[in-house]
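Subject: Structure handover

Hello,

Here is the structure for your files. My notes on what was found follow below it.

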Amino acid sequence: MVQIMSMMKFLMNYGVELTNFLGLTIMMVPFILSIIVPFVTFIAILFVYNKMIGDNEVVVIAGAGSSPARIARPALILAGIITIVHLVLNIWIVPTTQAKFYDTQWNLRYGLAHLKLQEGAFTEMSHGLVVYVDKVSGYDLNQVMLSDTRNDKTQLAIFANTGKLVTTMRGLSIVMTDGSLQMRGKSDVIGTFDSFDMDLSVTEKSGASSFRARRMPTTYLLKVISQNITQKQYKTIMSELCNRFLGPMMNLVLALLCVTILLRSSLLRRRASFAPAATVIVMSGVMASFMSLSSMLNNVTDLVLLCFAQIILIGGITILLIRK
């Protein structure tokens with residue numbers, strides 16, 4: 001809902017069409033799923049097994065000779081399948097959709113800003129930038145007037161007979177011809193021009209400010225960590241690789257934690273009524289630890305150590321589940 005509200009603000013501020021808005025929202029779904037899948041898996045298993053315990057079904061099944069590991073098998077199979085799907089989602093689908101999302105968002109915000117221009121009306125492209133166009137024919141403009149007061153030290157007013165909209169790496173620009181300009185600053189300037197190129201945005205499509213490891217292919221991230229990059233970018237890439245490769249394993253970890261605590265407590269002589277709450281608390285601690293450690297990785301060795309820690313944790317929980 002937070003993501004949708006953010007997209008609604010983008011829709012209103014930039015006059016994006018509803019179809020484009022829905023397309024952007026759909027492209028956000030894989031990334032959102034990659035975050036919530038472990039929690040959803042945990043909640044589903046907790047709900048089903050707690051209901052079975054409350055209805056004494058687990059006691060009956062155990063009395064018929066089934067071990068806790070046998071009772072937990074359906075949940076673990078489900079967690080295993082979801083782990084594989086989550087891994088595919090993280091490695092291939094999320095980077096592809098996120099790259100498409102940011103490119104589409106940039107084009108809608110800067111490359112297609114001309115769709116806001118209305119004939120015979122003053123249009124505020126951004127704070128301090130106002131454009132008036134007498135006639136619009138595709139990318140061609142007639143009788144253009146532009147006022148740029150975004151920089152308090154330099155204020156610019158331009159009048160041109162014709163103009164043409166072009167898209168550059170900085171966003172949308174108007175190439176105006178046969179006009180005049182007035183600039184007020186430390187010194188006033190008045191003159192005419194045959195051609196004048198005016199940027200309508202100040203955001204670069206590429207650069208350090210737009211470094212987002214989330215939208216980069218996994219193979220590229222594995223390659224770029226050995227190149228000359230900043231320490232901040234290196235840590236960002238290591239954290240992203242951790243989330244892509246080790247994040248899906250948390251489905252299995254949380255599923256094991258859930259069934260082990262619930263089943264072991266349900267088979268005690270005096271059933272532990274606090275087991276669901278304890279399960280949630282343990283899950284919160286494990287997830288918080290994983291998220292904290294994933295953001296603190298400094299090198300590949302740390303990533304490998306965290307992977308071994310996950311394997312040891314899975315092994316330890318499995319032993320607790322299967323022991324008699």
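Helix α7 is mostly covered, with 14 of its 18 residues buried. The helix runs over residues 249–266, and its length fits the count: at 1.5 Å a residue it should span 26 Å, and the end C-alpha atoms are 26 Å apart. Please keep in mind that this is a predicted model.

On the aromatic side chains, a search of the whole structure gives 3 aromatic pairs. One of them joins F101 and Y102, with the ring centres 5.3 Å apart and the planes at 75°, an edge-to-face arrangement. Both residues fall under the 20% limit for buried: F101 has a relative accessibility of 5%, and Y102 has 11%.

Another pair is F193 with F196, which is tilted, at 5.5 Å centre to centre and 40° between the planes. Here the two partners are classed separately. F193, at 10% relative accessibility, counts as buried, whereas F196 counts as partly exposed because its value is 21% and the buried class ends at 20%.

One ring also has a charged neighbour: R214 lies over the face of F31, at 3.9 Å from the ring centre.

On the surface, V29, L33, I35, I36 and V40 make a nonpolar patch of about 380 Å². Of these residues, V29 is placed in helix α2, which covers residues 18–54. V29 has a relative accessible area of 38%, so it counts as partly exposed. That value is also over the 30% that a patch residue needs.

Regards

How values were computed. Residues numbered from 1 in each chain as written. Predicted model: local features only at pLDDT ≥ 70, side-chain atom pairs only at ≥ 80, totals over all residues. Heavy atoms only, no water. Patch = residues over 30% accessible without salt bridge, like charges linked within 9 Å, V, L, I, M, F, W, Y side chains within 5 Å. Areas by Shrake-Rupley, 256 points an atom, 1.4 Å probe, with all protein chains shown as cover. Salt bridge = Lys/Arg side-chain N within 4 Å of Asp/Glu carboxyl O. Helix = DSSP H or I, 4+ residues; strand = E, 2+ residues; numbered from the N terminus. Buried < 20%, exposed > 50% of the residue type's maximum accessible area, 1.4 Å probe, protein only. Expected span 1.5 Å × (residues − 1). Phe/Tyr/Trp six-rings, centres within 6.5 Å; stacked < 30°, edge-to-face > 60°. Lys NZ or Arg CZ within 6 Å of the ring centre and 35° of its normal.
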